[in-house]
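Let's take a walk through this one together. Have the structure open and ready to rotate.

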Amino acid sequence: MTDEIIKVPDIGSDGAEVIEVCVGAGDQVEAEDSLIVLESDKATMEVPAPRNGRIVEVLLKVGDKVSEGDDLLKMAAEDGAAAAPAETPEASAPAAETPVAAPAPEAAPAAPAASVIKEVRVPDIGSDNVPVIEVSVKPGDEISEEDTLVTLESDKATMEVPSPFSGVVTEVKVKEGDILSQGDLIIMMEVAGAAPAPQTAAPSQAPVADKPVAASQPEAPAAAQPQKAAESSRELEQANKSVHAGPAVRKIAREFGVDLSLVRGSGPRSRILKEDVQNYVKAKLSEPKSAQVSGGLGIPQMPAVDFSKWGEVEEKELTRLRQIAAKNFQRSWLNVPHVTQFDESDITELEDFRKSQKAAAQARGSKLTPLPFMLKACAYALKEMPQFCASLSPEVDRIIYKKYVNIGVAVDTPDGLLVPVIKDVDKKGLWELADECVALAEKARNKQLKPDEMQGGCFTISSLGSVGGTAFTPIVNAPEVAILGISKAEIKPKWNGSEFSPRLMLPLSLSYDHRAINGAEAARFTALLGQLLSDIRNILL
């Protein structure tokens, strides 16, 4: 094995300070592992190992000022690994200087000085497919030579691309999130007092910054497409911009979605290291469940409690149906801003009419409950007020009106709540609705409902009239925007203008999504229902 002196490569500036030494004597490193971290006025960059090997001696320390070509460390090469001349700064220097030579042809022609439009392209940045994290100029900006045009960030360094000329920006060809490589077009700018480039110049003499290279043209569309990963992490990166951390650390933080401002750095000058990010993630994952949040909404979960400490307990697993219902209820309650409108309807005449049809129902083999009347009244009201027969788009920027009237009816079963849907309620008569209500409720209790019989609802009715209660707040069955709760009817004294008379009053509880429906509309809806139910003949109008 032979020792080789590893030197500081082209760092794109006159000098930089060593702010971290990542290896020590005896360390075994692989190609691309970080050796030191440098910081200049414009960038923080990590210097990678050019190949595999073992560190013999580190020739620099934190605080040293270095430039291109300075001795960095001694490395013992592995068997069969010879020093690669192409890796030395001397060998790579011509490629790095190619874009810088762009202004040179300006002095060659003897033509009169005039303003010309020049192209500014990405110089040699040491790697390809580097995302743009900041665009520092815009059309119309007057900039000087060496002013920053864009900021790029690779896996190993954050670098600013300076302007090779002074002039006025006429067009910006890139945006944040674009992926760039050497030779890609950044901006067009008007350079004052510069002569046009000779048209007869040989291709080898044409400056990269003045004339587009034909071979690079196919790459332009690819460079114009933003990378999804860079786009999604831009907001987090902006928040972490002032944090003292290297590009590789920032890359790990983006991958894990870590806000670096919350991480305590253990490196020199409190600099955040990779290990600090990894330890932060491990600590978060090991936190007890009670400290975590569910659904990404910042709502703490309920803590686990050992109830057996206070007495005997029995634990039973929820049925699959109840588990699914619980998740649906929670999702709807968390996503829908609920408001409930309470009202009551005088159904004295309706109930008298229903009872008068008992014999006809028996003759048909039907059972005429109050529910078919509720369905017909709701169908009429949904036609009159279509905002209740609608759904919001997932982005909450559009409302979708449904031209059909399908109403779900909540059915209590031994295994949990089921909501079969009665289709085209507005097109069916009372007897047909009565028979369908009984049939679907029986299917629900016997677990015989088909998926299609529980889908496509526009509105839901939840009736607790047979159980009791004066009012309740039903949860909207999202993506529907409203649900009607019906409680137990009760005889109440009502003033008729001359005296109090006993009337059968039905409590109504209308819960609605306040994003789609306002309070006045809800009040008008329950008032319309009350009018329809007080005299069912109103439905014929």
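What follows goes from the nonpolar core to a helix pair and then to the cysteines.

Keep in mind that this is a predicted model. Start with the largest nonpolar core, which has 52 residues. If you want to know where the contacts inside it pile up, look at L375, I407, F459, I461 and F525. Several elements chip in two or more residues: the helices α9 (370–384), α10 (430–445) and α11 (519–534), plus the strands β22 (407–409), β26 (459–463), β27 (482–486) and β29 (500–513). The top contributor is α9, with nine residues.

Now zoom in on I461. Leaving aside residues up to four places away in sequence, I461 touches L371, M374, L375 and C378, along with I407, G408, V409 and A410, and also L484 and I486.

Next, how do α9 and α11 sit against each other? Their axes are 10 Å apart and the packing angle is about 135°, so the two helices count as oblique to each other. The crossing of α9 past α11 is right-handed. On the α9 side, the contact uses F373, M374, A377, C378, Y380, A381, L382 and E384, and α11 answers with F525, L528, L529, L532 and L533.

Finally, the cysteines. How many disulfides does a search of the whole structure find? Zero. You might pause at C389 and C458, but the sulfur of C389 is 3.8 Å from that of C458, its closest cysteine sulfur, and that is too far for a bond, because a disulfide needs the sulfur atoms within 2.5 Å. Both are tucked away: C389 is buried at 2% relative accessible area, and C458 is buried at 0%.

Notes: Residues are numbered from 1 along each chain as its sequence is written. This is a predicted model: local features need pLDDT of at least 70, side-chain atom pairs count only at pLDDT 80 or more; totals for chains, interfaces and linings use all residues. Side-chain values use heavy atoms; hydrogens and water are left out. A nonpolar core is a set of buried Ala, Val, Leu, Ile, Met, Phe, Trp, Tyr and Cys residues joined through side-chain atoms within 4.5 Å. Buried means under 20% relative accessible area, exposed over 50%, partly exposed in between (1.4 Å probe, protein chains only). Helices (H or I, at least four residues) and strands (E, at least two) are DSSP runs, numbered from the N terminus. Contact means heavy atoms within 4.5 Å. Axes are lines fitted to C-alpha atoms, for helices over the stretch in contact, and angles run from 0 to 180 degrees between N-to-C directions. Angles under 35 degrees count as roughly parallel, over 145 as roughly antiparallel, 65 to 115 as roughly perpendicular and the rest as oblique. A crossing is left-handed if the near helix is turned anticlockwise from the far one by less than a right angle, and right-handed if clockwise.
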